[in-house]
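Please open the structure in your viewer and keep a selection tool at hand. The stops below are meant to be taken in order.

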Amino acid sequence: MADIFPTGYFCASRFLNTLSAEEAKSSATAVAWCGPFGICAIATALTRYDTVFATWSHLAEAECLGAKTLLLTEEPGAAIEAATDGRGADDVLELVGTLDAMRLCLDILRPFGSIGSVGAQTETVALEGPVLDGKNVTIAWGRCPVHGIFEKALQTLGKVRDKMSFLGECSMKLEEAAEAYR
């Protein structure tokens with residue numbers, strides 16, 4: 001709850017929270033390049049979305065949560081379009097911070113879709129203007145305000161805690177943190 005789960009929650013909830021329950025159930029989201037932060041975003045998204053796609057790594061964990069997994073070699077854009085009757089993903093979540101991840105987001109996103117990015121960008125990200133314009137993309141970008149969303153993230157973690165237990169196999173008191181780091 002200090003970083004990883006709230007960040008995944010924040011990325012997933014940016015657009016999810018703007019949808020009615022009916023809209024969320026009929027929408028599809030995708031997590032591009034799914035690592036630990038992506039796993040937390042998937043768990044959050046699956047509290048409201050019926051269809052969540054996951055790509056890149058930790059696919060076994062993503063599948064255990066209920067995500068539909070896609071290898072990058074399987075052309076995820078085409079696979080998601082086929083699974084959504086040609087529409088593509090309504091929302092795509094980027095939690096890595098690389099140009100390749102942002103390009104993957106654009107590839108699997110439907111026209112008028114949204115990208116939520118919390119990946120810490122470490123390089124200049126030059127995106128193709130014609131692609132952004134042609135798809136009419138909405139992008140929400142920036143780091144997670146953990147303190148501001150902590151309570152809502154904690155409530156969501158309570159809903160998915162059993163599914164997420166593999167991320168926190170060690171439990172201890174806060175007072176023992178210094179010892180744990182040693």
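What follows is a tour of helix contacts, nonpolar cores and two loop residues in a predicted model.

**First stop: α1 against α8.** Select residues 4-16, which form helix α1, together with residues 146-164, which form helix α8; their axes come within 8 Å and cross at roughly 100°. That angle makes α1 roughly perpendicular to α8. To see the contact itself, display the side chains of Phe5, Pro6, Tyr9 and Phe10 on α1, which meet a set of α8 residues that includes Val146, Ile149, Lys152 and Ala153 as well as Leu157 and Val160. Coloured by class, the residues of this contact divide into 10 nonpolar, 1 polar and 1 charged.

**Second stop: α3 against α8.** Keep α8 on screen and add residues 36-45, helix α3, which packs with α8 at an angle of about 115°, the two axes lying 10 Å apart. The crossing in which α3 passes α8 is right-handed. On the α3 side, select Ile39, Cys40, Ala43 and Thr44, and on the α8 side Thr156, Val160 and Met164, which they meet. This contact of α3 with α8 has 5 nonpolar and 2 polar residues, and no charged ones.

**Third stop: the cores.** Which residues touch the most other members of the largest nonpolar core? Select Phe5, Ile42 and Met164, which hold that position among the 31 residues of the core. The elements that give two or more residues to this core are α1, α3, β2 (51-55), α4 (59-65) and α8. Now centre the view on Phe5: leaving aside residues up to four places away in sequence, Phe5 touches Cys40 and Thr44, and also Ala153, Thr156, Leu157, Val160 and Met164. Apart from the largest core lies another, of 18 residues, and among them are Ala30, Trp33, Phe53 and Ile80. In soluble globular proteins, nonpolar side chains tend to be buried together.

**Fourth stop: two positive phi values.** Go to Trp33, in the loop between β1 (28-32) and α3, where phi is near 60°, a positive value in a residue other than glycine. Is Trp33 buried or exposed? Trp33 counts as buried because its relative accessibility is 17%, and the cut-off for buried is under 20%. Finally, move to Asp85, in the loop between α5 (76-83) and β4 (89-94); although Asp85 is not a glycine, its phi is positive, at about 55°. Asp85 has a relative accessible area of 77% and is therefore exposed.

Key. Residues numbered from 1 in each chain as written. Predicted model: local features only at pLDDT ≥ 70, side-chain atom pairs only at ≥ 80, totals over all residues. Heavy atoms only, no water. Axes fitted to C-alpha atoms, helices over the stretch in contact; angles between N-to-C directions. Helix = DSSP H or I, 4+ residues; strand = E, 2+ residues; numbered from the N terminus. Parallel < 35°, antiparallel > 145°, perpendicular 65-115°, else oblique. Contact = heavy atoms within 4.5 Å. Nonpolar A, V, L, I, M, F, W, Y, C, P; charged D, E, K, R; others polar. Left-handed = near helix turned anticlockwise from the far one by under 90°. Core = buried A, V, L, I, M, F, W, Y, C linked by side-chain atoms within 4.5 Å. Buried < 20%, exposed > 50% of the residue type's maximum accessible area, 1.4 Å probe, protein only.
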